[in-house]
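User: I have a structure on my screen and some labels I do not yet understand. Could you take me through the reasoning behind them?

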Amino acid sequence: MKYTRTLLLAALLVSLAACTQPKPSTVGSDAGIEKRIEQLLSKMTLSEKIGQMNQVSVGGEVSNYAEAMRNGQIGSILNEVDPVKINEFQRICVEESRLGIPLLVGRDVIHGFHTVFPIPLGLAATFDPALVEQGARIAAVEATGQGVRWTFSPMLDIARDPRWGRMAEGSGEDVWLDARMAEAMVRGYQGTDPDGSSMAACIKHFVGYGAAEGGRDYNSTFLTERQLRNVYLPPFEAAVKAGAMTLMTSFNDNDGVPSTGNTFILKDILRDEWGFDGLVVTDWNSMGEMISHGFGVDRKDVACKAVNAGVDMDMMTFGFISHLEEMVASGCVKESVIDNAVRNILRIKMLLGLFENPYVDVAAGQAVQYAENHLDAARRSAEESVILLKNDGILPLDAAHVGSILVTGPMADAPHDQLGTWAFDGEKSHTVTPLMALRERFPGKVNYVPYGYSRERRTRFDDIVSAARRADVVLVFLGEEAILSGEAHCLADLNLIGTQSELLVALKAAGKPVVATVMAGRPLTIERDLPNCRAMLYAFHPGTMGGPALVNLLFGDVNPSGKTPVTFLRTVGQVPMYYSHTMTGRPYKGETLLNDIALEAGQTSLGNTSYYLDYGARPLFPFGYGLSYTTFDYSDIALDKTVYPADGMITVSFKLANTGAFDGTEVAQIYVRDLVGSVTRPVKELKHFERVALKAGEQRTVQVQIPVSELAFCGLDGAWKVEPGDFQLWVSGDSDSGQPVSFKVQ
Ligand code: BGC
């Protein structure tokens, strides 16, 4: 039974003017829980209430925190994963504090707990929400097995600037893909029926954080309300609808207002429009950082602004615990505001069943870590996440006739780096690297010559090149270390770091077939490297089982099916470039580029359109791109009607044929363009995707339904609606191919 908020009337009023419909609450509480919350709340002192709103990162001895816990001064902890210590913390809270309220134990379980899955950008490349949901479920089973009941994931920040290191942590540039991944992860973490293996999801960072100016982390954003509503908010709204229990505010200030003090996003949109009745936590000290932003004079001031804006829990500023009591006394904060925050916190603790079962079974929890089926799912996720960017026919390699293999490159045997960013609990001792997997599969045939950025791994090119001459095939694993992406790890140069590109040139010159695999946290600018290898696989840091997955792909046991979740640029100067842009008044028409211009011939006009003289207007690879060992052909693309009502359903059918010699899976993508709007509209927007598995030579007619309501957007009048008019629709294997069919909405 769904909990219904008294705010429904207010939400209804707000929605009349705003872009979304009024929503019922989505967390899933019920009347019984609400009664229990009120009963408990009525017994709490102000100090105990404020204690619930305080989250502390713990380290060292349990005894350091025992007194604060006994006094009800800590509502949540993060960064403790020892189940014995967690049980002890819970025992102190439950048995020794006055009201016995259990702790909410949080952790950044971002792409797996012990068993590490590909980084979220890689998970997005699978275009496989069901598999991603399974991975999140496994992460929850392992993490809850050690007492962690709250993960600070999924990160839903749309990212269109690969310089930003945190692009690794999200689903990339697209709104629709991000929203589907968001729902999948929320369902996976929380489970369908909350039980002991349910881990509350935390959707973050609310909101706009991925649009950091210059791709420099924590930087300001300048997003209009329309951009927020059309691009940055929809994945959050989808996750709220899917029942996300908690949400984290972001570090950035948007148009001058830091998120942690932003009433418009935290109250008007999140609570009133969407009916969210989960818990809102700050990011780490993001309340305190409002002082650096120049948005508050001191900790008291920012705490007041944050709580009044709608923040329920303070992560590591200690602003609430230090100042809220005096602020209530002075009238700057109403006790009813505190009561609401505590309700939101207690609701999550009750929904997770923490009052009934605060403790974890340590032995049972140990037994599920790195379970066989977990490793298997991690391998499958890695296999589906890898994108084949180039293949002149050398792949797949023939396992039956393989001769000697030279393995080299900094990522060939980098068990830590392969796990990627935010893999706190993944142990490198459990990682299987490509080198390990190759040695196991081809004993005696693998010659490994290490090459790396670090001094102890560095070998001179000459040694590698002479080994290449002796080999039948060269497998080179390039990329970037885990530490080069993730929080605060932004880059201004997106070429392969160090001398890796030169290594590739030298290997090519050795005359043997070179197959390159890149492992990275972002789409690097690899244009200059492509001509120097005969095939290239791109793996966003693929996790614990990345090695076996890559070997299965290289040797054709698995056919690549990953697609780019983000545009690959030719050069960093093209940032930002994404497929779903609006159209200029002077679109690029394929004009001459600088290097082709005969300047001496006196050419003066370059066409006066929107492009770079030196790099044109096209990326290296568009969004949604990825090759296979087979080929796919789309035909007979048809719609069931030519005109649809705004509340109608579009049925799209198309024939997909596997025209090559290998079984394979194609991610069929459906894009739509709204030709004329009250405001300019993107040239294409993804509205559906479907993974279709076909045997060699097989063909199938696929039917897909798209509600016309999916075409709604926030237009000139600020209303969220479908505007009647002409549309085009594409069914294709990437965002840059296919022929459109037309339809109208009346
Ligand atoms: C990050 C969050 C993370 C939090 C807790 C912050 O620095 O921005 O994404 O969840 O730390 O570790």
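Analyst: What follows is a set of questions about labels, each answered from a predicted model.

User: What makes the link of cysteine 304 and cysteine 332 a disulfide?

Analyst: The distance decides. Their sulfur atoms are 2.5 Å apart. A disulfide needs two cysteine sulfur atoms within 2.5 Å, so the pair qualifies. The structure holds 1 disulfide.

User: Which parts of the chain does the pair link?

Analyst: Distant ones, 28 residues apart. Cysteine 304 sits in helix H13, residues 299–309. Cysteine 332 sits in the loop between helix H14 (319–330) and helix H15 (335–351). The angle about the S-S bond is -140°, and the link is left-handed.

User: Is cysteine 304 buried or exposed?

Analyst: Cysteine 304 has a relative accessible area of 11%. Buried means under 20%, so cysteine 304 is buried.

User: Why is cysteine 332 called partly exposed?

Analyst: Cysteine 332 has a relative accessible area of 35%. That value falls between the 20% and 50% cut-offs, so cysteine 332 is partly exposed. Two other cysteines can be judged by these cut-offs. Cysteine 490, at 25%, is partly exposed. Cysteine 533, at 2%, counts as buried.

User: What makes S4 and S10 edge strands?

Analyst: Start with the sheet. It is open, has 5 strands in the order S4-S3-S2-S1-S10, and pairs in parallel. Strand S4 (150–151) and strand S10 (314–315) each have a single partner strand, so one side of each is left without a neighbour in the sheet.

User: How do you know that S3 and S4 pair?

Analyst: Count the bridges. Strand S3 (residues 104–107) is joined to S4 by 2 bridges, and they run parallel. Pairing takes at least two bridges, so S3 and S4 count as a pair. Glycine 106 stands opposite tryptophan 150 in S4.

User: Which strands stand at the edges of the sheet S17-S19-S22?

Analyst: This sheet is open, with 3 strands and antiparallel pairing. Strand S17 (632–639) and strand S22 (699–707) stand at its edges, because each has a single partner strand. The twist averages 25° from one strand to the next. Strand S19 (residues 649–658) pairs with S22 over 9 bridges in the antiparallel sense. One example is phenylalanine 654, whose bridge partner in S22 is valine 702.

User: Which strands does S26 pair with, and in which sense?

Analyst: Strand S18 (residues 643–644) runs parallel to S26, joined by 2 bridges. Here tyrosine 644 has valine 745 as its bridge partner. Strand S25 (residues 725–732) pairs with S26 in the antiparallel sense, over 5 bridges. There, glutamine 728 is partnered by serine 742.

User: Which residues of S26 lie on the covered face?

Analyst: In a regular strand, side chains alternate between the two faces of the sheet. Strand S26 covers residues 741–745. Val741, Phe743 and Val745 form its covered face. Ser742 and Lys744 form the uncovered one.

User: What is unusual about the backbone angles here?

Analyst: Most residues other than glycine have a negative phi, and most peptide bonds are trans. Asparagine 79 has a positive phi of about 75°, although it is not a glycine. Asparagine 79 lies in the loop between strand S2 (76–78) and helix H5 (83–96). At 25% relative accessibility, asparagine 79 counts as partly exposed. Alanine 488 has a positive phi too, of about 65°. Alanine 488 is in the loop between strand S14 (473–479) and helix H20 (500–509). Its relative accessibility is 42%, so alanine 488 counts as partly exposed.

User: Where are the cis peptide bonds?

Analyst: One runs from serine 153 to proline 154, with omega near 5°. Proline 154 lies in the loop between S4 and helix H8 (175–190). Another joins lysine 204 and histidine 205, with omega about -5°. Histidine 205 lies in strand S5, residues 202–206.

User: How many residues line the second largest pocket, and of which classes?

Analyst: Its lining has 30 residues. By class, 17 are nonpolar, 9 polar and 4 charged. Nearest the centre lie Tyr578, His581, Ala617, Arg618 and Val683. Arginine counts as charged, so Arg618 belongs to that class. The space in this pocket is about 950 Å³.

Definitions and conventions. Residues are numbered from 1 along each chain as its sequence is written. This is a predicted model: local features need pLDDT of at least 70, side-chain atom pairs count only at pLDDT 80 or more; totals for chains, interfaces and linings use all residues. Side-chain values use heavy atoms; hydrogens and water are left out. On a 1 Å grid over the protein atoms alone, a cavity is a set of points where a 1.4 Å probe fits but cannot get out, and a pocket is an open set with protein on both sides within 12 Å along at least five of seven lines; lining residues have an atom within 4 Å of a point. Grid points are joined across faces, edges and corners, and a volume is the space filled by probe spheres set on the points. Buried means under 20% relative accessible area, exposed over 50%, partly exposed in between (1.4 Å probe, protein chains only). Helices (H or I, at least four residues) and strands (E, at least two) are DSSP runs, numbered from the N terminus. Axes are lines fitted to C-alpha atoms, for helices over the stretch in contact, and angles run from 0 to 180 degrees between N-to-C directions.
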